[in-house]
Amino acid sequence: VFTLDASKLPGGRGFGDPVRLLADIDEGAEIAALWPHQPGAKLLMVATGDSDVRGFVAGSDELIATTKKGKNVLSVDGGWKAVLAVPALGDHVAIVGENRKLLV
């Protein structure tokens, strides 16, 4: 997770700058999501593997990175890939599998 200070973002006039230049993101890394920080909010982080999906809820206050290198929150290896980071509203999670069945 990378934290960008709003005062360091480029102005509204011009073509903007790539996000990779604002944070120290590896060349081969993909950005899963961008969201504004809201104190006290919770975020659902999800990774998917060969035939498995795993996730957890993290407090947004604990995800603030103080360095340009970011903060390691979700480690993915091998066939795993971070696919989702969204605000967690409520207390239930629902997912639809490839078999078209809903799991709550």
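**A hairpin, a surface patch and a pocket**

Let me begin with strands β1 and β2, which form a hairpin with four residues between them; strands here are DSSP runs of E of at least two residues, numbered from the N terminus. What we are looking at is a predicted model, in which local features need pLDDT of at least 70 and side-chain atom pairs count only at pLDDT 80 or more, while totals for chains, interfaces and linings use all residues. Residues are numbered from 1 along each chain as its sequence is written, and side-chain values use heavy atoms, with hydrogens and water left out.

In the hairpin, β1 (residues 42-48) and β2 (residues 53-59) run antiparallel and are joined by seven bridges, where pairing requires that DSSP finds at least two bridges between two strands. Across this pair, Leu44 stands opposite Val57 in β2.

Strand β2 also holds Val53, which is partly exposed because its relative accessible area is 43%, and that term covers what lies between buried, under 20%, and exposed, over 50%, with a 1.4 Å probe and protein chains only. Together with Ile95 and Leu103, Val53 forms a nonpolar patch on the surface, with about 270 Å² of accessible area; patch members have over 30% relative accessible area and no salt bridge (a side-chain nitrogen of Lys or Arg within 4 Å of a carboxyl oxygen of Asp or Glu), and nonpolar side chains are joined within 5 Å.

Turning to the largest pocket, its volume is about 1200 Å³, and a pocket is an open set of points on a 1 Å grid, where a 1.4 Å probe fits, with protein on both sides within 12 Å along at least five of seven lines. It is lined by 35 residues, each having an atom within 4 Å of a point, and β3 gives the most to that lining, with four residues.

Technical notes
Patch = residues over 30% accessible without salt bridge, like charges linked within 9 Å, V, L, I, M, F, W, Y side chains within 5 Å. Areas by Shrake-Rupley, 256 points an atom, 1.4 Å probe, with all protein chains shown as cover. Points joined across faces, edges and corners; volume = space filled by probe spheres on them.
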